[in-house]
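Reader: Hello! Could you teach me how to read this structure, one feature at a time?

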Amino acid sequence: MGDTVVVDWDGYTIGYYGRIFEARNKTKGGSFEGDDKDYFKFRIGSQEVIPAFEEAIMGIAPGGVRRIIVPPELGYPDNDYNKKGPKPTTFSGQRALDFVLRNQGLIDKTLLFDIELVKIVPS
């Protein structure tokens, strides 16, 4: 608790054709701009990220990868990825995730994440 973790992650919308909304340290799909993105950093216990993401990080050793399936209740609060991280870094990814989270229809809002712990920065 209190340490900063540096992670690399993929995010997929399970209920929307498994569409990727974030690719680990590389661009995929659509017309993305730019080179490799920066790694995602957050402090454990700060509630900066969705509950499932923080829970998944606990117990991973640096270099370890964990795949998690996130039900809506452990995902983004109020179906808004702007309130807590991790956030898609591309417009295409933001659109895909936003479509699923804000859709009032029958789309399943369950998400899948692959998380790699790059390093731990002690507090």
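Reader: Let me start with one residue: is Asp-98 buried, partly exposed or exposed?

Author: Happy to help! Buried means under 20% relative accessible area, exposed over 50%, and partly exposed in between (1.4 Å probe, protein chains only). Asp-98 has a relative accessible area of 26%, so Asp-98 is partly exposed. Please keep in mind that this is a predicted model, where local features need pLDDT of at least 70 and side-chain atom pairs count only at pLDDT 80 or more, while totals for chains, interfaces and linings use all residues. Residues are numbered from 1 along each chain as its sequence is written, and side-chain values use heavy atoms, with hydrogens and water left out.

Reader: What is the pattern of helices and strands along the sequence?

Author: Helices (H or I, at least four residues) and strands (E, at least two) are DSSP runs, numbered from the N terminus. Here the protein has two helices and five strands, in the order β-β-β-α-β-α-β.

Reader: Which residues of helix 2 are buried?

Author: First, the general idea: an α-helix has 3.6 residues a turn, so residues three or four places apart point the same way. In helix 2, the buried residues are Ser-92, Gly-93, Ala-96, Leu-97, Val-100 and Leu-101. They cover an arc of only 160° around the axis (taken from the directions from the helix axis to the C-beta atoms), which puts them on the same side of helix 2. Exposed Phe-91 and Arg-95 sit on the face turned away from that buried side. The buried residues pack against strand 1 (4-13), strand 2 (19-22) and strand 5.

Reader: How many salt bridges are there?

Author: A salt bridge is a side-chain nitrogen of Lys or Arg within 4 Å of a carboxyl oxygen of Asp or Glu. That rule gives four salt bridges. One of them joins the side chains of Arg-102 and Asp-98 (2.8 Å, N to O). Arg-102 and Asp-98 are about one helical turn from each other because they are four residues apart in helix 2. Salt bridges that share partners join Asp-80, Asp-98 and Arg-102 into one network. Within it, the closest N and O atoms of Asp-80 and Arg-102 are 3.6 Å apart.

Reader: Which residue does Asp-114 meet in a salt bridge?

Author: The partner of Asp-114 is Arg-67, at 2.6 Å, N to O. This pair links distant parts of the chain, with Asp-114 in strand 5 and Arg-67 in strand 4 (residues 65-70), 47 residues apart. Asp-114 counts as buried at 8% relative accessibility, whereas Arg-67 counts as exposed at 57%.

How values were computed
Contact means heavy atoms within 4.5 Å.
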